Amino acid sequence: MKTSRFCIFLSLSIALLSCSKDNIKVACIGNSITFGHGIANREKEAYPAVLGQLLGERFEVKNYGVSGRTVMNSSDMPYMAEAAYQEALAFNPNIVTIKLGTNDSKPYNWLHQENFKSDLITLISSFQALPSNPDIYLCLPAPAMGNAWNISDSVIFHGIIPIIKEVVKENKLKLIDLYTPLKSHPEYFPDTIHPNEEGSKQIARIIFQAITGKAKNI
C-alpha cells in the first residue's frame, strides 16, 4: 500500500514539474498607451515589455496594444475590429490584462456610452471562452492630464471607471487601479496622455504587483 501511494505521489510530482516548465502566457490588450506611443524604444520600454522583464523567464508577455482603439464597437476605432484582437485570442493566454477606455471618452465616441458596458462584457467573454481559461484583469484607464486628442479625464473618471468597476464586481474579475496612483504624477505624461519611460515602468510595476501579489521597485 505504501509503495502504491509513493508511486501515485511520484507520478503527480512529475506531472506538476512538467507543467511548471511551460511558459505562462500574458496578453496585454490596450490602446496607444499599451502599444508604447511616444517611447523611442517601445519594444523594450513600453509597459508590457517591462512587465515581461519583471515577471521573468517563465512568463511570455505579448503586447497587443493598438493606438486609438476603443471598447465600443459603435466608436470610430473599435479594438475588436483589429487583427491584434484575433491574434491575442489565437495566443490562448493564461493571463489577460485589458487597458481600454481612454479613447471611448472622446465626445463623438461617448455619444454611444450605452454600449460601453455590453461591449466590454463581449470582449471579456471572448477571452473567457478560450481553452486556456485565462485570469482576466481589467485596468482602470490612466488619468488624462489634459484634453489632447479630445480625450476627457472627466468622462474617464465619472463615466468609464464606474462601469469598469461594475463589470469587475458583477463578473468576479480582478481589478487593477492605474488611475489613482498615477493621478498625482503629471511628469509621467509629457503630452498629457501617453506615459514616458518612467510612467511605463510604474504601470508595469502596478500590474506586476496585481498579478504576483509582490511589490517591486524599479
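Hi everyone. Let's start where two helices touch: Y47, V50, L51, L54 and L55 in helix 4 meet a set of helix 10 residues that includes S200, I203, A204, I207, F208 and I211. Sorted by class, that contact holds ten nonpolar, two polar and two charged residues. Before I go on, please keep in mind that this is a predicted model.

How do the two helices sit against each other? The axes of helix 4, residues 47-55, and helix 10, residues 197-212, come within 8 Å and cross at roughly 50 degrees. That makes helix 4 oblique to helix 10, and their crossing is right-handed.

Now to the inside. The largest nonpolar core has 39 residues, and I29, I98, F116, F127 and L138 touch the most other members. Several elements each supply at least two residues, among them strand 1, helix 5, helix 7 and strand 4. Which element gives the largest share? Helix 8 does, with eight residues. Another core, of 25 residues, lies apart from this one, and V26, C28, V50 and V61 are among its members. You may remember V50 from the helix 4 contact with helix 10.

Let me pick out two residues from the largest core. F127 sits in helix 7, residues 116-128. Is F127 buried or exposed? Its relative accessible area is 0%, so F127 is buried. Beyond its close sequence neighbours, F127 touches I29, Y85, A88, L89, P93, V96, P134 and I136.

Then there is L138. Setting aside residues within four places in sequence, its contacts include I98, L120, I124, I164, V167 and V168, and also K174.

That's my tour, and thanks for listening!

How values were computed:
Residues numbered from 1 in each chain as written. Predicted model: local features only at pLDDT ≥ 70, side-chain atom pairs only at ≥ 80, totals over all residues. Heavy atoms only, no water. Axes fitted to C-alpha atoms, helices over the stretch in contact; angles between N-to-C directions. Helix = DSSP H or I, 4+ residues; strand = E, 2+ residues; numbered from the N terminus. Parallel < 35°, antiparallel > 145°, perpendicular 65-115°, else oblique. Left-handed = near helix turned anticlockwise from the far one by under 90°. Contact = heavy atoms within 4.5 Å. Nonpolar A, V, L, I, M, F, W, Y, C, P; charged D, E, K, R; others polar. Buried < 20%, exposed > 50% of the residue type's maximum accessible area, 1.4 Å probe, protein only. Core = buried A, V, L, I, M, F, W, Y, C linked by side-chain atoms within 4.5 Å.
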